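Student: Please pick one part of this structure and look at it closely. I would like a connected account that starts from a single residue and then places it in the rest of the chain.

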Amino acid sequence: RQDRETRLSEDAEAARDRLRDLQKRQAGIQREVERLPADPAERREAARDLVAEKGEMAREAAELRQDLTRLSQEARARDPEAARELAEAAEAIDREKLVEKIQYSRGVVEMRDPDFARIGEEGIEASLDAVAEALEEAVAAAGRAADRRGLEDTLEDARALQDRMASMERRLQSGGSPGAEPGEPNQPGQPGQAAQPGQAGQPGQPGQAGRPGQGGGAVGGMRGGLSPEEVRQFRRELQERLQDAGRLRDALREQGQEVGDLEDAMESLRRLQDPETLRDLPQVALLQEAIRESLGRLEFSLRREVRGDDAPAALGGAEAVPDGFRRLVDEYYRRLARERGGG
């Protein structure tokens, strides 16, 4: 879809360039007409090349009219505004009788009356200017359509990044392995295996972090909440999300959009990659919340840009932190306080 919109914009610009070329050639012909000799025989001989060039210009103007009509028809379903402006540019060629004027002027340049020939050339120049004005509007409309489609695609990319981060967040909160679907139990013997009955609450056993609702067993020994292999896998996944965010940032910059919220999320992603951070459950929760809020603000601003409304953003996967996970965090701080003799 984006390729089609880009191609429409490029085709409209190419049509404008073709018209500009006709304008330059017409300006050159006008200068040559001013220099034509007064003698009829000499004038006909000197005008021979001008007559041939005018025939070529008339043919190109007719082809330009056909191409503008075709572009308008192709854009009608998806970009009504661009289609309307392209049709208007094609109609301007007919309304100004551009092809007919150029054809008629082929005989006029051979006439003895230079004033009559000059008036005819000025009429062609005015018609080309009128068509150029209409074509500029068509180019602008096609460009707006391409920009709008580009923003829509960027919005989809932002939502996809939100969804991937939300999936990772749920797996981190539930102790799931990287790449597993939320709620899918870990296979026996795999990193991140859930604590078996009777094992919950045994500190210092890597890979047996308690699940919500299981008493928060391993939270007191938070440094062992994820196995080394799980940490490596989550770090790789975080690196992929960071690359996704980098590509999204580049696209936003090309479209002239603000990237502050996305850069905030990227900074939190970098911090989350630290192995020690991944083993610190409260810190993970805070960083995930920061990422979720930053991406939510980005999605909202893009959605408002695309749709032009202030409706609440459809935050893909940005749910509140589950109560069970909050209980784990609370238990973690209570255990820290008891171990350090605090209140």
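Tutor: Phe116 is partly exposed, because its relative accessible area of 36% lies between the 20% limit for buried and the 50% limit for exposed. The model is a predicted one. Phe116 belongs to helix α6, and together with Tyr104 and Met111 it makes a nonpolar patch of about 320 Å² on the surface. A residue needs over 30% relative accessible area to enter a patch, so Phe116, at 36%, meets that condition.

Helix α6 also has a part in a charged patch. Glu34, Glu122, Glu125, Asp129, Glu133 and Glu137 form a negative patch on the surface. Helix α6, which covers residues 114-174, is the largest contributor to the negative patch, supplying five residues. One of the patch residues, Glu133, lies in helix α6. Glu133 has a relative accessibility of 59% and therefore counts as exposed. The two helix α6 residues examined here thus fall into separate classes: Phe116 is partly exposed, while Glu133 is exposed.

For a buried position, take Ala15 in helix α1, which runs over residues 2-34. Its relative accessible area is 4%, so Ala15 is buried. Leaving aside residues up to four places away in sequence, Ala15 touches Leu64, Leu68 and Leu135. Leu68 is 53 residues from Ala15 along the chain, yet the C-alpha atoms of the two are separated by 7.6 Å.

Helix α1 also takes part in a charged pair. In general, side chains of opposite charge can pair when their charged atoms come close. Arg18 and Asp67 form a salt bridge through their side chains, with an N to O distance of 2.8 Å. This pair connects distant parts of the chain, since Arg18 is in helix α1 and Asp67 is in helix α3 (residues 48-75), 49 residues apart. Both partners are partly exposed: Asp67 has a relative accessible area of 24%, and Arg18 has one of 32%.

Two further pairs involve helix α8. In the first, Arg253 and Glu263 form a salt bridge whose closest N and O atoms are 2.8 Å apart. Arg253 is in helix α7 (residues 228-254) and Glu263 is in helix α8 (residues 260-272), with their positions ten residues apart along the chain. Arg253 is partly exposed at 45% relative accessibility, and Glu263 is partly exposed at 31%. In the second, the side chains of Asp261 and Arg297 meet at 3.0 Å, N to O. Here Asp261 in helix α8 is linked to Arg297 in helix α10 (residues 281-307), 36 residues apart. Asp261 is partly exposed at 25% relative accessibility, as is Arg297 with a relative accessible area of 39%.

Salt bridges also join Arg164, Glu240, Arg241, Asp244 and Arg247 into a network. The count of salt bridges comes to 29.

The chain as a whole gives the setting. It has eleven helices and zero strands. Of its 343 residues, 43% count as buried. Among contacts with a separation of 6 or more, 71% are between residues 24 or more positions apart. The accessible surface of the chain is about 17,800 Å², and carbon and sulfur atoms account for 46% of this surface.

Methods
Residues are numbered from 1 along each chain as its sequence is written. This is a predicted model: local features need pLDDT of at least 70, side-chain atom pairs count only at pLDDT 80 or more; totals for chains, interfaces and linings use all residues. Side-chain values use heavy atoms; hydrogens and water are left out. Patches are made of residues with over 30% relative accessible area and no salt bridge: like charges are joined within 9 Å, nonpolar side chains (Val, Leu, Ile, Met, Phe, Trp, Tyr) within 5 Å. Accessible areas come from the Shrake-Rupley method with a 1.4 Å probe; for residues, only the protein chains shown count as cover. A salt bridge is a side-chain nitrogen of Lys or Arg within 4 Å of a carboxyl oxygen of Asp or Glu. Lys and Arg count as positive and Asp and Glu as negative; His and the chain ends are not counted. The place of a charge is taken as NZ of Lys, CZ of Arg, CG of Asp or CD of Glu. Helices (H or I, at least four residues) and strands (E, at least two) are DSSP runs, numbered from the N terminus. Buried means under 20% relative accessible area, exposed over 50%, partly exposed in between (1.4 Å probe, protein chains only). Contact means heavy atoms within 4.5 Å.
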